[in-house]
Amino acid sequence: MRRLAFLLALLFAAGCGKQTDFDLAKKSEKLGRYATAISHYETFVQKNPKHSDTAEAYFNMGEIYRTVIKDYPQARLYFEKVSKEFSGKPIAVKADEQFMNCPDYFPLDAVDKKVMGDSSSGGDHMHTVEKFEPAKEAPGRRRWTRETFAGDQSVGAESLIYEKKDRELREFVPGNPQYSVALRYPLVKGLSWESLRRGKRVQFSVVDDACSIEVRGGIFVNCLKVKEESAEIKSTWKYNYYAPGAGLVLTSIATEKAETRIVELLSGTPARAASVSVETKKANKFYISVDRIKSWFAEITSKIKKRK
């Protein structure tokens, strides 16, 4: 009887032990001690690869790297692991969604209106007001609407439906079940794909995934530059520039000899976008400290990897 009680005590202690690092990690994360949280999560998953909380531990590490450290390749690794190793579970679906938001070059949940305008006049000749809202006819998707103005006069409006699914940003014309693939994930330099748009074949390629761009709406860093080219017309093509957290900020037309700006962001950048003015960057001490924090996290991550 005593032996049975002793064995039960050991089993109970072992069960509690499995929760210790996970609980400490969540507590550290709640307190903003992210490096400590990652260390505890790593220890937990190494000791408990089959535990019921292991998927959440990997997911939480992915979220820390995505939202705090902004090390998107590392975040994608964790989300990919959850998606593949825990497929069929709700958390795997969430991980696959966040995989496409590392970084979020096309924020479907943006609540602010965005104003785009012609680059030549800064919107005086032509500008558009764009916004996202839930697509009532298609749950889970988002409706994008754009109203176009010539000066102060409204001259037209259009809408499209967007959805992120199966590592694609899908673009629908309302009422049409067919879609075009506007973006394909992971969005890294060198990636290319082809899709039908309005019945015509269009070729897309990621030319750059870390460029900086300045438009009237701000200065954006770590931007995506996507080449969009008609399969039939090779003499000219379009470049779309996407900024993390802000979406499309610039569209230009290019040839072998030149690139000309056509439409750019004027205002309405979401607060979470990676945009900062030159003056703010020089004056804001917190902005400088972010780079130091990233460096510190890189050192912590390196030490963790060496322990494996």
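Pro 186 lies in the loop between strand 6 (179-184) and strand 7, and in this predicted model a cis peptide bond joins Tyr 185 and Pro 186, with omega at about 0°. A cis peptide bond also joins Cys 102 and Pro 103, where omega is about -10°, and Pro 103 lies in the loop between helix 5 (90-99) and strand 1.

## The cavity beside these prolines

The residues of both cis bonds return in the description of the internal space of the model. The structure holds 1 cavity of 30 Å³ or more, and the volume of the largest cavity is about 50 Å³. Its lining includes Cys 102 and Pro 103 as well as Tyr 185 and Pro 186, together with Arg 76, Phe 99, Met 100, Tyr 105 and Leu 187. Sorted by class, this lining has 8 nonpolar residues, no polar residues and 1 charged residue.

## The chain as a whole

The secondary structure of the protein chain comes to 7 helices and 12 strands. Of the 308 residues in the chain, 44% are buried. When contacts between residues at least 6 apart in sequence are considered, 42% of them join residues at least 24 apart.

Helix 3 can serve as an example of a single element. It has 16 residues and reaches 21 Å from its first C-alpha to its last, which is close to the 22 Å expected at 1.5 Å a residue. Helix 3 is mostly covered, since 13 of its 16 residues are buried. Just after helix 3, Lys 70 takes a positive phi of about 60°.

Positive phi values are also found elsewhere in the chain. Asp 166, a residue other than glycine, has a positive phi near 50°, and Asp 166 lies in the loop between strand 4 and strand 5 (168-172). Asn 222 is not a glycine either, and its phi is positive at about 55°; Asn 222 lies in strand 9 and, at 41% relative accessibility, counts as partly exposed.

## Salt bridges

A search of the whole structure finds 23 salt bridges, and the table gives some of them, with the distance between the closest N and O atoms.

| Basic residue | Acidic residue | Closest N and O atoms |
|---|---|---|
| Lys 26 | Glu 56 | 3.1 Å |
| Arg 141 | Glu 163 | 3.3 Å |
| Arg 201 | Glu 194 | 3.3 Å |

What does the salt bridge between Lys 26 and Glu 56 tie together? Lys 26 lies in helix 1 (residues 2-30) and Glu 56 in helix 3 (residues 54-69), so the pair ties together parts that are 30 residues apart in sequence. Lys 26 counts as partly exposed at 37% relative accessibility, and Glu 56 is partly exposed as well, with a relative accessible area of 26%.

Arg 141 forms its salt bridge with Glu 163; because Arg 141 lies in the loop between strand 2 (127-134) and strand 3 (142-150) while Glu 163 lies in strand 4 (residues 153-165), this pair ties together parts that are 22 residues apart in sequence. Arg 141 is partly exposed at 27% relative accessibility, whereas Glu 163 is buried, with a relative accessible area of 13%.

In the pair of Arg 201 and Glu 194, Arg 201 counts as partly exposed at 37% relative accessibility, and Glu 194 counts as partly exposed at 40%. Salt bridges that share partners join Glu 171, Arg 197, Arg 198, Glu 228 and Lys 238 into one network.

One member of that network, Arg 197, is found in strand 7 (residues 192-197) and is buried, with a relative accessible area of 16%. Leaving aside residues up to four places away in sequence, Arg 197 touches Glu 171 and Glu 228, and also Ser 180, Ala 182, Val 202 and Phe 204.

## A pocket lined by strands

The second largest pocket has a volume of about 710 Å³. It is lined by 32 residues, of which Glu 130, Trp 144, Arg 146, Tyr 162 and Leu 248 lie nearest its centre. By class, the lining of this pocket has 17 nonpolar, 4 polar and 11 charged residues.

Which strand gives the most to the lining of the second largest pocket? Strand 2 does, with 4 residues. Each of several strands supplies at least two residues of this lining, among them strand 1 (114-118), strand 9 (218-230), strand 10 (237-243) and strand 11 (247-254).

Terms used
Residues numbered from 1 in each chain as written. Predicted model: local features only at pLDDT ≥ 70, side-chain atom pairs only at ≥ 80, totals over all residues. Heavy atoms only, no water. 1 Å grid on protein atoms, 1.4 Å probe; cavity = no way out; pocket = protein on both sides within 12 Å on 5 of 7 lines; lining within 4 Å. Points joined across faces, edges and corners; volume = space filled by probe spheres on them. Nonpolar A, V, L, I, M, F, W, Y, C, P; charged D, E, K, R; others polar. Salt bridge = Lys/Arg side-chain N within 4 Å of Asp/Glu carboxyl O. Buried < 20%, exposed > 50% of the residue type's maximum accessible area, 1.4 Å probe, protein only. Expected span 1.5 Å × (residues − 1). Contact = heavy atoms within 4.5 Å.
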